[in-house]
Structure formats: structure tokens, C-alpha cells
Amino acid sequence: MGGAVVDEGPTGVKAPDGGWGWAVLFGCFVITGFSYAFPKAVSVFFKELMREFGIGYSDTAWISSILLAMLYGTGPLCSVCVNRFGCRPVMLVGGLFASLGMVAASFCRSIIQVYLTTGVITGLGLALNFQPSLIMLNRYFSKRRPMANGLAAAGSPVFLCALSPLGQLLQDRYGWRGGFLILGGLLLNCCVCGALMRPLVAVAQPGSGPPRSSRRLLDLSVFRDRGFVLYAVAASVMVLGLFIPPVFVVSYAKDLGVPDTKAAFLLTVLGFIDIFARPAAGFVAGLGKVRPYSVYLFSFSMFFNGFADLAGSTAGDYGGLVVFCIFFGISYGMVGALQFEVLMAIVGTHKFSSAIGLVLLMEAVAVLIGPPSGGKLLDATHVYKYVFILAGAEVLTSSLILLLGNFFCIRKKPKEPQPEVAAAEEEKLHKPPADSGVDLREVEHFLKAEPEKNGEVIHTPETSV
């Protein structure tokens, strides 16, 4: 499940692992920052929204929850759009939607309108940027893919460090309406990032025929891969509790009597630690001896995150919350750097656009009920300890599902060859031997019988795990 799959992109072009890929990496860094930091950063405005509309914690938590649910739940739609129109046009439209939603939210007169604008429209716009950016990153990087994933994932904590205090500053000076309007303008930068996503083009070889037709718009064959199914179930359970602590930690500090600016600084601490944790985790996952076992590293990162939540439930002052944010930032960064790297290793480039859409759809339901369930529990008990215990228990359960499932169901499968070895073997397979007595008609019959469709090798559970 942690092995590397031979990926050469949908056009048959080998990943350059550099060149324009660094511009793509920068764009993915910015998009990831907006996509993951934005739902947490808007929690800075929750207190003002509660006073404006006379609502409770669970009602405001729905804003972040709907944002994340759109980011996850529209996965298949994004997959179909990318396979039909390409990454760049989809991202340009998504950037406009993300900005339009926040601008419209600044004129809202009810919390339902905020749900529709900030949650649905902005969430859809971020989704139309996030998934295509990951697909492009996977096409441009192969050998350096774990490191590239770690660096791109670092965009989330970097933007969280910036957006959280910026949101508080905007709220203090212009109110939540002015803050939403300015943030809407910032989201137009997603269009700039979309313009960087230049598609890879295959160089025409002498005597080569026309390009083969594109793959299916949504490939459901990934569900035949037991490794993919196991990953999807574990990830869905994980996101039930993964986003609860960042959403509620600022409100927790404010209820302890901590000033608003100081409370918002907790997300900056979390994000600062996360900045270094993600590239470090990507670097470690890319080591030759570690990469085949990245699934176990991912399982450990989830266990670490759940344990940090349980330990954070004992915090009773600002210092305790700072310590919690440090350890949560480390574990959260590890999860963020490894989650899509593991999925890429399971399904490969050819099926990744469909696989990520289906995984995000499965996670959407969990994301939608995660933070609001924590808000309901908080409204009923007024004790943050129970909220953090709930989140920790859910993340710990996901780590056990992935670890035990991989150990008992997957680990005995044949080891996936390294990309270089697999490429060499494939070249030998398609090249007739010079001094061989084998009938060329038999070789031709064997090659035609290979499970190859639309230019992409079909990965069975045995080869993709």
C-alpha cells in the first residue's frame, strides 16, 4: 500500500521533476494554503457572527463545516471537469467562484445566507482549485513527489499563520463584513495560480500515430483495489475529528478570558509548527528505505494526532493550549504531508484524478458532521474537554483501521517495483530480443493480450498496493 506506482502522466510524458514544475509547485502551495487554512481562519469571525445573528457555537461551526464539505464532497464533480476540460480552465473558474462567495457574504443579512455564500459558493470555488492543483503536481513530479507534496502542503500552515491574525485585524478595523470583502479580493489570486498550471504536452515521435483518446471521466475501477478502499474508509473516519480542535481552540481561549488577539495567536503557533512539520515529513517519506512503508508512517501520524487531542483535553489555561498547539501542529503537519502521497502511491497518476474525487466525496459526509457535532456537544456540556476527547477518539480509531487493515489484509501482497526498475522492465517487455528464438508472432499476441487501455496500465490490487 505504500509502494510507488510507475507514473508517466496521462499524455505519456515522463514527469520532469523540475523545470516548470517548480512554478506548478508554487501555485499548488498557494491553493493548498487557501483551501485548508481558510475554513479555520474564518473561525476568528465566529464571535462577531454569534452576536450579529444571535446564534450558538454549533450554528457558526456550520460555516467551516460546509466549506470543508464542499471542498471534499464535490470531488467527483471536479474529477469530471478536469478530465473533460483540463486543470487550468477549471481552476480559473474556481478562483472566480471563491472570490464571489466571500464578496457576496459581506452583504448577507442572515446566517443561512452566509452558509450559501461563504460555505457553498466559496467552498465550491476552492474545490475547483484544490483538486486540479494536486493532479498537476502529481504529473510534474515522480521521483521528488513526496518532497513536492510536503512543500505544497506547507501552504496550509503558512497561510494559517497569515490569515488568522489578518482576519482578526480586519475584523477590528472594518468589522466582519469589511473583512469578508477584503478576503474575497485576496481569493482572486487563485486565478493567478490556475494560470500557472501549464499542461504537459507529448512530443510527437517520427512515425507515431495520433494521440489516443482520453480516459473515462470518472474511473470507478479503483474500488477493486483493496488498498484504496481501506485508505478511503480510514481517511473518512479520520476527518470526523481532524478539524474539530483548530475550529474550537480560539473560542476556547476566549472563553478562558484570553484577549481576542492573543487567542487568535494560537492558530499562528499551530501554523508555524506545521510549516516545518510538513516538508520534514515529506522529506522523510521520500527516503528510499521509508517510501515503501509510507502507509505505516501515515498511520503513526494519525495516532500521534489523536493522542495530542486527548492530551489537549486536559489544558486549563493559555499555556496549556500553546503546548497543545505545538504537538497538534507537528502531528497535523505529518498527516497533511502524507495523506495524498499515500493515495498517489496506491492508484498512480492515471487514476489519481478519479481516485481523489471519490475519496473526497466519501470524506465529505464526515467533514460535514464533524465540527457541528463538536459544537452540539459543547452547547450541551459547556466543557471543551469532551470536545477534544471526541476528536481524539475518532482520529485514533482511523489510525487503527489503517494499521490493522494494512497489516492483516494487505502486507502479504507482492512488493511494488521501484519506478526505474518498472520502467526498464516495461521497455524490455515491448522490445523484441535481438538474439532470441521466440516467434515474433507469439510476442505480438502476448503484447496485444496485455491489460492496457487508453495508454494507461491497469493496476490491480496486487500491483497498486
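At 42% relative accessibility, E52 counts as partly exposed, because it falls between the limits of 20% for buried and 50% for exposed. This residue belongs to a predicted model, and the report below starts from its charge pairing before turning to the chain as a whole.

## Salt bridges

The structure holds 5 salt bridges. In one of them, the side chains of E52 and R177 meet at 3.2 Å, N to O. The pair joins distant parts of the chain, with E52 in helix α2 (residues 46–53) and R177 in helix α8 (residues 155–186), 125 residues apart.

A second salt bridge is formed by R145 and E341, whose closest N and O atoms are 3.2 Å apart. R145 lies in helix α7 (residues 145–153) and E341 in helix α14, so this pair ties together parts that are 196 residues apart in sequence. Both R145 and E341 are buried.

R278 and D274 make a further salt bridge, with 2.8 Å between the closest N and O atoms. Because R278 and D274 are 4 residues apart in helix α12 (residues 260–285), about one helical turn separates them. Both R278 and D274 are buried. Elsewhere, salt bridges with shared partners join R145, R291 and E341 into one network.

The three pairs described individually are listed here.

| Salt bridge | Closest N to O |
|---|---|
| R177 and E52 | 3.2 Å |
| R145 and E341 | 3.2 Å |
| R278 and D274 | 2.8 Å |

In general terms, side chains of opposite charge can pair when their charged atoms come close.

## Surroundings of helix α7

P146 is also found in helix α7. P146 counts as buried because its relative accessibility is 2%, below the limit of 20%. Apart from neighbours within four places in sequence, P146 is in contact with G282, A285, G286, R291 and E341. Two of these residues, R291 and E341, belong to the salt-bridge network that includes R145. P146 and L338 are 192 residues apart in sequence, yet their C-alpha atoms are 7.8 Å apart in space.

## Overall architecture

The secondary structure of the protein chain comes to 19 helices and 2 strands. Of its 465 residues, 57% are buried. Among contacts in the protein chain with a separation of 6 or more, 88% are between residues 24 or more positions apart. The protein chain exposes about 19,100 Å², and carbon and sulfur atoms supply 68% of this area.

A41, in helix α1 (residues 21–41), gives an example of such pairing between distant residues. A41 is buried, with a relative accessible area of 5%. Its contacts, leaving aside neighbours within four places in sequence, are L160, L163 and S164. The C-alpha atoms of A41 and F159 are separated by 9.0 Å, although the two residues are 118 positions apart along the chain.

## Nonpolar core and surface patch

The largest nonpolar core has 123 residues, of which F38, Y72, F228, F243, F298 and L343 touch the most other members. Helix α14 (residues 318–347) contributes the largest share of this core, 14 residues. Beyond its neighbours within four places in sequence, L343 is in contact with F228, Y231, F352, A355, I356 and V359. F228 thus appears both among the members that touch the most others and among the contacts of L343.

Nonpolar side chains also occur at the surface, where L220, F223, V229, V233 and M362 make a patch of about 390 Å². Within this patch, V233 has its place in helix α10 (residues 226–242). V233 counts as partly exposed because its relative accessibility is 37%.

## Helix α11

Helix α11 (residues 244–255) has 12 residues. From its first C-alpha to its last it reaches 17 Å, close to the 16 Å expected at 1.5 Å a residue. This helix is mostly covered, with 11 of its 12 residues buried. The buried residues are I244, P245, P246, V247, F248, V249, V250, S251, Y252, A253 and K254. G257, which follows α11, has a positive phi near 95°.

How values were computed: Residues are numbered from 1 along each chain as its sequence is written. This is a predicted model: local features need pLDDT of at least 70, side-chain atom pairs count only at pLDDT 80 or more; totals for chains, interfaces and linings use all residues. Side-chain values use heavy atoms; hydrogens and water are left out. A nonpolar core is a set of buried Ala, Val, Leu, Ile, Met, Phe, Trp, Tyr and Cys residues joined through side-chain atoms within 4.5 Å. Buried means under 20% relative accessible area, exposed over 50%, partly exposed in between (1.4 Å probe, protein chains only). Contact means heavy atoms within 4.5 Å. Patches are made of residues with over 30% relative accessible area and no salt bridge: like charges are joined within 9 Å, nonpolar side chains (Val, Leu, Ile, Met, Phe, Trp, Tyr) within 5 Å. Accessible areas come from the Shrake-Rupley method with a 1.4 Å probe; for residues, only the protein chains shown count as cover. A salt bridge is a side-chain nitrogen of Lys or Arg within 4 Å of a carboxyl oxygen of Asp or Glu. The expected span of a helix is 1.5 Å times one less than its number of residues.
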